[in-house]
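Subject: The structure, and what turned up in it

Hello,

Here is the structure I promised to pass on. Have it open while you read, and my notes follow right below it.

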Amino acid sequence: PHLLRGLNARHIRFIALGSAIGTGLFYGSASAIKAAGPAVLLAYLIGGAAVFIVMRALGEMAVRNPVSGSFGSYARQYLGPLAGFITGWTYTFEMVIVALADVTAFGIYMGLWYPDVPRWIWILSIIFFIGAMNLCNVRVFGEMEFWLSLVKVVAIIAMMLAGAGIIFFGFGHSFPATGLENLWSHGGFAPNGWQGVIASLGIVMFAFGGVEIIGVTAAEAKDPKKVIPQAINTIPLRIILFYVCTLAVLMAIFPWNSFGEQGSPFVLIFDGLGIPAAATILNIIVISASISAINSDIFGAGRMMYGMSKEGLAPKSFQRIASNSVPWMTVVVMGGALLAAVVLNYLIPEQVFVLIASLAAFATVWVWLMILLSHFAMRRGLSAEERSQIAFPIPFWPVAPLLTLLFMGLVIAVLGMFAETRMALIAGLVWLGLLTVVWYARVRKTALQVVTEQ
């Protein structure tokens with residue numbers, strides 16, 4: 001049995017789209033806005049440009065060699081087995097952390113409709129539901145992600161159009177035309193200066209985390225040489241449309257310093273349009289966003305563990321594939337990890353969101369650093385003729401990747417500069433240290449045997 005190439009261009013395009021719209025936009029953006037004010041738009045633009053270069057580097061490698069382990073396999077191949085081991089397990093760690101936040105969020109969202117039902121029941125039910133979906137044929141996963149992402153996309157576009165109407169024309173007595181003055185009337189466009197923009201980078205990069213799943217889908221794409229470049233090349237448009245434009249509309253309607261005081265701005269816009277079920281509509285949107293995120297987390301981490309297992313970097317049992325070409329053991333393991341999240345949910349207070357986001361940001365940026373370094377190592381090993389034949393070359397080589405490397409280093413440094421995110425940096429470094437110890441103590445010998453056999 002082997003993985004099935006069952007994901008078409010429509011699936012991968014919306015999987016990539018869905019990965020860019022989630023908790024980081026609906027809730028994380030409020031923390032970033034408080035840190036930077038309207039200038040947070042610059043942080044999203046700069047961060048988005050860096051992410052695009054990372055994804056072009058990943059795309060170049062994925063089109064050349066579409067494998068299930070994706071960037072974990074590339075790190076092993078071009079930087080060595082230890083780098084592959086750390087990269088693969090750090091990505092899995094990232095997916096578990098993000099899924100922990102998403103399943104907890106799902107329980108909170110359902111509590112708005114059914115306040116008397118204990119939260120753990122909703123968390124348990126969504127884990128079993130998503131686990132069952134991931135045990136189905138990969139086409140089922142692709143279709144589910146397509147429709148869940150479509151709900152988010154339509155809702156955000158509707159919100160932006162409604163918001164643009166309010167900005168320029170107003171709407172009844174509730175919303176007079178606001179214009180764009182709110183973007184600079186409350187302390188200026190950058191009320192906290194460049195320090196505020198830099199401080200927001202941790203949350204901003206957390207918002208983009210997960211987009212690298214495009215590389216993971218390459219092994220199950222019907223035509224990776226065609227669909228992977230298509231999905232990656234739409235990333236700049238997605239970032240501008242779903243982050244920069246959305247947040248610009250929100251901050252033009254509501255003063256940036258009032259965020260968090262009047263409830264969700266998404267609800268306020270729908271309320272102002274006279275829609276009585278505004279809270280219900282938003283709840284449907286964020287529930288679809290959280291289900292989509294959990295679905296992608298289990299898929300991405302599972303396929304990464306499967307790829308690592310084939311290279312001796314994870315237990316051999318992770319290679320077990322069902323008759324429908326799904327690596328079922330990795331799905332079961334991810335489900336088990338999230339069952340632990342049900343228990344942890346009682347121990348973690350709501351204020352931990354920034355810590356979780358920062359920890360996920362560290363893991364995400366580390367994976368992106370490894371992608372860039374793997375790409376440099378791959379390029380260095382190619383002859384001039386081979387470089388000229390690259391099907392999907394990264395733009396502005398080598399200046400753009402070098403600048404992106406420096407930017408990723410800055411983001412990691414930013415996590416250590418502020419007290420509320422410093423613990424995440426310390427925890428991330430401890431995680432890397434533990435992986436290194438495990439590598440030399442337990443994994444190194446097995447991994448080198450696998451490499452020798454191959």
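Helix α3 gives the most to the nonpolar patch on the surface, supplying three residues. The patch is formed by L42, L45, I46, F168, F169, L180, W184, F189, W194 and I240, and together these have about 1,000 Å² of accessible area. Helix α7 (138-169) also supplies at least two of the patch residues, as does α3. If you want one residue to look at there, try W194, which sits in helix α8 (residues 193-199). With a relative accessibility of 56%, W194 is over the 50% cut-off and therefore counts as exposed. Please keep in mind throughout that this is a predicted model.

Some overall numbers may help you find your way around. The protein has 19 helices and zero strands. Of its 454 residues, 58% are buried. The accessible surface comes to about 18,200 Å², and carbon and sulfur atoms account for 68% of that. The chain also makes many contacts between positions far apart in sequence: among contacts joining residues at least 6 apart, 81% are between residues at least 24 apart.

Now to the inside. The largest nonpolar core holds 135 residues, and Y44, M205, W368 and M408 are the ones with the most contacts within it. Helix α3 (residues 40-64) turns up again here, since 15 residues of this core, the largest share, come from that helix. M408 is a good place to start looking: leaving aside residues up to four places away in sequence, M408 touches A50, V54, M205, V365, W368, L369 and L372. There is also a second, separate core of twelve residues, with L100, A101, F206 and A360 among them.

What about charged pairs? Side chains of opposite charge can pair when their charged atoms come close. The count of salt bridges in this model is two.

- R379 and E60: the closest N and O atoms of this salt bridge are 2.8 Å apart. The pair links distant parts of the chain, with R379 in helix α16 (residues 353-380) and E60 in helix α3, 319 residues apart. R379 has a relative accessible area of 7%, so R379 is buried. E60 is buried as well, because its relative accessible area is 2%.
- E311 and R76: here the closest N and O atoms are 3.0 Å apart. This pair also links distant parts of the chain, E311 lying in the loop between α14 and α15 (328-347) and R76 in helix α4, 235 residues apart. E311 counts as buried because its relative accessibility is 10%. R76 has a relative accessible area of 17%, under the 20% cut-off, so R76 is buried too.

Helix α4 (residues 70-79) has another residue to show you, Y74. Is Y74 buried or exposed? Its relative accessibility is 0%, so Y74 counts as buried. Setting aside residues up to four places away in sequence, Y74 touches L58, M61, A62, N65, P66, V67, L79 and S374. The contact with S374 is worth finding on your screen: the two residues are 300 residues apart along the chain, and their C-alpha atoms are separated by 6.2 Å.

A buried serine also caught my eye. S292 is in helix α14 (residues 278-310), and its relative accessible area is 1%, so S292 is buried. Which side chain does the side chain of S292 make a polar contact with? The partner is E145, at 3.0 Å. Beyond residues up to four places away in sequence, S292 touches E145, L148, S149 and K152.

One last residue to look up is I203, in helix α9 (residues 201-208). I203 has a relative accessibility of 9% and so counts as buried. The C-alpha atoms of I203 and A35 are separated by 9.8 Å, and the two residues are 168 residues apart along the chain.

Happy to talk any of this through once you have had a look.

Best wishes

How values were computed: Residues are numbered from 1 along each chain as its sequence is written. This is a predicted model: local features need pLDDT of at least 70, side-chain atom pairs count only at pLDDT 80 or more; totals for chains, interfaces and linings use all residues. Side-chain values use heavy atoms; hydrogens and water are left out. Helices (H or I, at least four residues) and strands (E, at least two) are DSSP runs, numbered from the N terminus. Buried means under 20% relative accessible area, exposed over 50%, partly exposed in between (1.4 Å probe, protein chains only). Contact means heavy atoms within 4.5 Å. A nonpolar core is a set of buried Ala, Val, Leu, Ile, Met, Phe, Trp, Tyr and Cys residues joined through side-chain atoms within 4.5 Å. Patches are made of residues with over 30% relative accessible area and no salt bridge: like charges are joined within 9 Å, nonpolar side chains (Val, Leu, Ile, Met, Phe, Trp, Tyr) within 5 Å. Accessible areas come from the Shrake-Rupley method with a 1.4 Å probe; for residues, only the protein chains shown count as cover. A salt bridge is a side-chain nitrogen of Lys or Arg within 4 Å of a carboxyl oxygen of Asp or Glu. A polar contact is a pair of N or O atoms within 3.5 Å; within protein, one must be able to donate a hydrogen and the other to accept it, and residues adjacent in sequence count only if both atoms are side-chain atoms.
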